[in-house]
Amino acid sequence: MSTLRDVISAHTDLTSNSAAHLQRLVAEWQLLADLSFADFLLWGAVKDHPGRYVCLAQVRPTTGPTAYEEDQVGRILEGEDAKHLSVAYTEGRIFREGDPVWRGDVAARHEAIPVRRRDRSQVIAVAARDTNLSDTRSPSHLELNYLKTADYLVQMLTDGGFPPPLLPGEPTTAPRIGDGLVRIGADGLVRYASPNALSAYRRMGVTGHLRDRDLAELTRSLPSTPEIGADAARRIADALAGGTPRRKEIEAKGATVLMRALPLRPGGKAAGALVLVRDITEVRRLDRELVTKDATIREIHHRVKNNLQTVAALLRLQARRVGSPQARLSLEESVRRVASIALVHETLSQSSDESVGFDQIVDRVASMAVEVSVAESKVTLRREGTFGVLPSEYATPLVMVVNELIQNAVEHAYPPGQEGEVVIGVERDGDHFRVTVSDHGKGLPEGFRIADSTRLGLQIVHTLVTGELRGTIDMRPRAEGGTEAVVDFALQ
């Protein structure tokens with residue numbers, strides 16, 4: 001599906017600034033549709049075709065029936081069908097005259113609203129407000145207040161005062177009409193509060209009704225922290241003065257309410273403000289639970305790391321007391337394996353999720369391998385490529401595989417005292433990995449197959465690659481001499 005900017009570019013001559021204004025309008029106009037109980041369609045003049053208009057975007061109301069079951073984006077209107085659009089576009093005024101238009105069995109009232117930027121320049125597009133008339137009845141008190149507020153915002157749309165300017169860092173989430181609406185007059189007193197808005201304020205400790213009360217002062221007195229109350233009151237006062245303050249979360253009496261204040265200034269004259277509120281108490285409670293669980297998981301990883309380091313220390317002590325060189329070597333290998341797993345848990349204990357930056361872990365494992373073997377050889381290690389971030393369920397087996405392959409190359413590729421290099425190569429294509437550990441040493445024995453190897457380290461590698469990583473492992477001679485071990489696997 002084409003984006004709004006794609007449709008604008010393909011059919012109109014609108015500038016980038018005008019396109020950006022229309023994008024902000026489309027991001028905000030669900031508010032208009034819900035207050036109006038009507039569909040809103042955004043129409044642009046087709047370039048090189050005077051009198052022809054293309055539908056750039058569409059939004060349906062969540063508070064009433066739609067006038068269009070099918071999508072209208074991309075539809076072209078001209079001639080008599082586009083009369084209301086032409087009046088709004090060429091004369092720069094809201095078109096409200098005309099009889100209902102029938103589409104099948106649905107009658108709709110069409111209004112056309114010229115859209116201007118905040119500099120009140122020429123008309124850049126037309127917003128059509130199309131109301132389904134099939135459910136005609138006497139409107140309720142709530143509906144009358146919704147419609148009056150919608151008329152204020154529609155006039156601001158023509159004046160360039162709606163949508164509000166984009167604020168850096170402003171979150172995309174916001175209260176909607178159904179969450180709770182309060183309309184206050186230019187004097188700051190509440191003219192109307194929807195039932196959900198009243199419920200949200202009562203959860204914060206308000207008793208009685210909101211009507212005819214000073215909302216800014218009432219909100220100031222609610223939070224237990226005076227600074228939060230003063231900040232919330234200031235934002236309401238800012239909206240009354242014509243500003244567009246940022247959204248604000250208010251906490252009082254154990255409840256959390258998200259508040260957004262918008263100025264109502266049709267024709268540039270102060271008419272009060274619209275305050276939208278949403279009770280997000282349960283959302284924030286769940287957020288706190290997730291933070292607690294996240295901290296608990298990190299603490300578990302930290303304790304596992306500490307326990308593994310304790311195990312490694314005990315094995316190291318045991319190795320010093322063993323008389324058999326072969327037994328001592330086996331215990332030292334176990335120490336390195338435990339230490340490599342501990343590195344993964346140490347990284348996870350410092351992360352906010354169950355993923356790890358694997359490059360740092362591999363570099364530390366390689367450094368440990370060099371430190372252990374420095375007395376016997378002069379081998380250096382180098383990494384080419386990057387692993388990036390890996391899920392923990394892959395990081396643990398992979399670090400053991402890489403550790404064993406590095407250790408195998410350091411110990412067996414070069415004779416003691418001979419200089420050499422081991423290269424860890426990484427090729428990543430999306431979720432597919434190819435990891436190569438190569439050397440320029442003496443090579444493999446004749447007829448070597450890793451699946452038949454009796455070395456514990458290589459048996460561990462083969463088991464982990466084919467089992468945990470669900471991949472393949474191949475150890476083969478290099479054409480220029482030496483050995484390379486190639487591990488292929490993909491994240492599932």
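Select Val54 and Ile76 to begin: Ile76, in strand 3, is the bridge partner of Val54. As you look around, keep in mind that this is a predicted model. Now widen the selection to the strands themselves. Strand 3 covers residues 76–77, and its pairing with strand 2 is antiparallel, over two bridges.

Stay on Val54 and add Gly44 to the view. Val54, in strand 2, is the bridge partner of Gly44 as well. Colour residues 39–45 next: this is strand 1, which runs antiparallel to strand 2 and is joined to it by six bridges. How many residues of strand 2 are buried? Show the surface over residues 53–59 and you will find that seven of its seven residues are.

Next stop, a bigger selection. Pick out strands 8, 7, 11, 10 and 9, in that order: they form an open sheet of five strands with antiparallel pairing. Which strands sit at the edges? Strand 8 (190–193) and strand 9 (248–252) do, each pairing on one side only. Turn the view to look along the sheet, and you can follow a twist that averages 25 degrees from one strand to the next.

At the strand 9 edge, select residues 255–263 too. This is strand 10, held to strand 9 in the antiparallel sense by five bridges. For a single pair to label, take Ile250 and its bridge partner in strand 10, Val257.

With the sheet still shown, bring in residues 141–159. This is helix 5, which packs on the sheet and touches strand 7 (181–184), strand 8, strand 10 and strand 11 (273–279). Helix 5 makes an angle of about 65 degrees with the direction of strand 7. Then add residues 195–203, which are helix 6. Helix 6 lies across strands 7, 8, 9, 10 and 11, and runs at about 65 degrees to strand 11.

For the last stop, move to residues 456–468, helix 13. Its 13 residues reach 17 Å from first C-alpha to last, close to the 18 Å expected at 1.5 Å a residue. Show side chains for Gly457, Leu458, Ile460, Val461, Leu464 and Val465, the buried residues of helix 13. Why do they lie on the same side of helix 13? Because they cover an arc of only 155 degrees around the axis. The general pattern helps here: an α-helix has 3.6 residues a turn, so residues three or four places apart point the same way.

Finally, step just past the end of helix 13 to Arg470, where phi is positive, at about 55 degrees.

Notes
Residues numbered from 1 in each chain as written. Predicted model: local features only at pLDDT ≥ 70, side-chain atom pairs only at ≥ 80, totals over all residues. Heavy atoms only, no water. Buried < 20%, exposed > 50% of the residue type's maximum accessible area, 1.4 Å probe, protein only. Helix = DSSP H or I, 4+ residues; strand = E, 2+ residues; numbered from the N terminus. Pairing = 2+ DSSP bridges. Expected span 1.5 Å × (residues − 1). Arc of directions from axis to C-beta. Axes fitted to C-alpha atoms, helices over the stretch in contact; angles between N-to-C directions. Contact = heavy atoms within 4.5 Å.
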